[in-house]
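This report walks through the strand arrangement, the nonpolar interior and one of the pockets of the structure shown below. Please keep the coordinates open while reading.

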Amino acid sequence: MRSPFSITPIGTLLSPFKEKFAVPRQPGLAPSALAHLKLHDDANQIEAVRGIEQYSHLWLLFLFDQNLEKGWRPTVRPPRLGGNERIGVFASRATFRPNGIGMSAVELVDVSQNNGQVTLTLRGCDLVDQTPIIDIKPYIPYSDSIVDAQGGFAQTKPTPMDVRFSDNALQALSQSPHQAYHQRVISEVLAQDPRPAYKQGKKDDKCYAVHLFDFNVRFYVQPTQILVVAVEAFVETPPHC
């Protein structure tokens, strides 16, 4: 019988991914995406991260906070298996888990303290904006990287799709002072084909929209590429393509 316990988040992650749809399914699949981890309360002191800059990568332990009230399932349908085959939850990285805890290996870019706020700048996160972080641990290459490890059904990295931008989308991006960065991250995210697993590899005429940064990004998935048709200021209900 499990004993109850409580966990208090030590910080909050701010990321470009404003909704669960299109969040990279694993860390590092959108390597250009920057995120900022702001520490909270007692953890928000520079002494708590003293020496952390000597590590190039970190483990983040976090809560699947948007799923905690939905319970968990003993079996899941991983996207890598087409969304049809069931396996045990502990043989997957599914978000519906008994304790709702996830882990991610990310690159450490910078450590700063401004007006008393300690912030870690990170690259390659796969976490939705406002995710509660419950712990940080250094990534230790000699022990954490196991060369001969077997990855089961996820042994190989998924093949990204080609992403193209319409003239209208490029024109909209050109108004941003961070055009190159925004375009690169949008490309890396959409290249993973964020649609539900059962739709991947199939003809699809639907226009999709995703909230990235402060944009509504609207796109079509074509047989050989993804076409971004609009990049617009975010609104709750984007217009149809």
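Which element gives the most to the lining of the second largest pocket? The model examined here is a predicted one, and in it β2 holds that place, with three residues in the lining.

## The second largest pocket

The space in this second largest pocket comes to about 230 Å³. Its lining is made up of 13 residues, and S15, P16, K18, H36 and F213 are the closest of these to the pocket centre. Two or more lining residues are given by β2 and also by α3.

## The barrel and the place of β2

The strand β2, which spans residues 34–39, runs antiparallel to β1, residues 11–14, and four bridges join the two. Within this pairing, G11 has L39 of β2 as its bridge partner.

Both strands belong to a barrel that six strands close in the order β1-β2-β7-β6-β3-β8, with antiparallel pairing. From one strand to the next, the twist averages 45 degrees.

## The hairpin of β10 and β11

The strands β10 and β11 run antiparallel and are joined by five bridges, one pairing being that of L212 with F215 in β11. Together they form a hairpin with two residues between the strands, and F213, which lies in the turn, has a positive phi of about 55 degrees. This turn residue F213 is also among those closest to the centre of the second largest pocket. Four of the five residues of β10 are buried, so this strand is mostly covered.

## Nonpolar cores

The largest nonpolar core contains 27 residues, and those with the most contacts inside it are I186, V189, L190, L212, V217, F219 and V228. At least two core residues are supplied by each of β9 (162–165), α2 (167–173), α3 (179–190), β10 (208–212), β11 (215–221) and β12 (225–233). The largest share, five residues, comes from α3, the helix that also gives two or more residues to the lining of the second largest pocket.

How is F219, one of the residues with the most contacts inside the core, surrounded, and which residues are in contact with it once its neighbours within four places in sequence are left aside? The partners of F219 are F21, L190, P194, K206, C207, Y208, A209, V210, I226, L227, V228 and V229. Of these partners, L190 and V228 are likewise listed with the most contacts inside the core.

A second core, separate from this one, has 19 residues, including L13, L60, L122 and L127.

Technical notes. Residues numbered from 1 in each chain as written. Predicted model: local features only at pLDDT ≥ 70, side-chain atom pairs only at ≥ 80, totals over all residues. Heavy atoms only, no water. Pairing = 2+ DSSP bridges. Axes fitted to C-alpha atoms, helices over the stretch in contact; angles between N-to-C directions. Core = buried A, V, L, I, M, F, W, Y, C linked by side-chain atoms within 4.5 Å. Buried < 20%, exposed > 50% of the residue type's maximum accessible area, 1.4 Å probe, protein only. Contact = heavy atoms within 4.5 Å. 1 Å grid on protein atoms, 1.4 Å probe; cavity = no way out; pocket = protein on both sides within 12 Å on 5 of 7 lines; lining within 4 Å. Points joined across faces, edges and corners; volume = space filled by probe spheres on them.
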